[in-house]
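Visitor: Could you walk me through the aromatic rings here, with the reasoning spelled out?
Guide: Sure, have a look first.

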Amino acid sequence: CLVFPTFYENEAQPLVLLEAMSAGLPMITTSWRGVGEGLPEAYPYIIEPKSSLSLAGAMVRIHQSDWHSKLRLRYADGFTIAAHVSRVADAIGTNS
């Protein structure tokens, strides 16, 4: 499990979350500045920044999680080189 309870002022889209997803590793992160936007919809382990109670609760619950394969699939569908090339081809109209 990756625990990434960030509230760093300049945080955007941390690569460590993509790396964890690529390995199917469940993670706990915060809703700070859209940090968790790359995660699947309804992902239950995005907590409020600076909330130690939310963090503790998520740490207890995540060990009963079945999100491992869902995270890996989310990575494969959205963040691989092939997925990126396909989206770019769609955007410029060369994907048939």
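**Rings and burial**

Guide: Tryptophan 67 has a relative accessible area of 12%, so tryptophan 67 is buried. Keep in mind that this is a predicted model.

Visitor: What makes tyrosine 43 count as buried?
Guide: The cut-off for buried is under 20% relative accessible area. Tyrosine 43 comes in at 6%, so it counts as buried. Tyrosine 45 is also given 6%, so buried is the label there too.

Visitor: How many aromatic pairs does the structure hold?
Guide: Two. In one of them, the ring centres of tyrosine 43 and tyrosine 45 are 5.5 Å apart, with the planes at 75°.

Visitor: Why is the pair of tyrosine 43 and tyrosine 45 called edge-to-face?
Guide: Centres within 6.5 Å make a pair, and planes over 60 degrees apart make it edge-to-face. With 5.5 Å and 75°, tyrosine 43 and tyrosine 45 therefore fit.

Visitor: And what makes tyrosine 43 and tryptophan 67 edge-to-face?
Guide: Their centres are 4.9 Å apart and their planes at 80°, so the edge-to-face label applies. That pair links distant parts of the chain, 24 residues apart: tyrosine 43 is in the loop between strand S2 (27-30) and strand S3 (46-47), and tryptophan 67 in the loop between helix H2 (52-61) and helix H3 (68-78).

Visitor: Which residues do the ring pairs link into a cluster?
Guide: Tyr43, Tyr45 and Trp67. On top of that, lysine 70 has its charged end over the ring of tryptophan 67, 4.7 Å from the ring's centre.

Conventions. Residues are numbered from 1 along each chain as its sequence is written. This is a predicted model: local features need pLDDT of at least 70, side-chain atom pairs count only at pLDDT 80 or more; totals for chains, interfaces and linings use all residues. Side-chain values use heavy atoms; hydrogens and water are left out. Rings of Phe, Tyr and Trp (its six-membered ring) pair if their centres lie within 6.5 Å; planes under 30 degrees apart count as stacked, over 60 as edge-to-face and the rest as tilted. Buried means under 20% relative accessible area, exposed over 50%, partly exposed in between (1.4 Å probe, protein chains only). Helices (H or I, at least four residues) and strands (E, at least two) are DSSP runs, numbered from the N terminus. A charge sits over a ring if NZ of Lys or CZ of Arg is within 6 Å of the ring centre and within 35 degrees of the ring normal.
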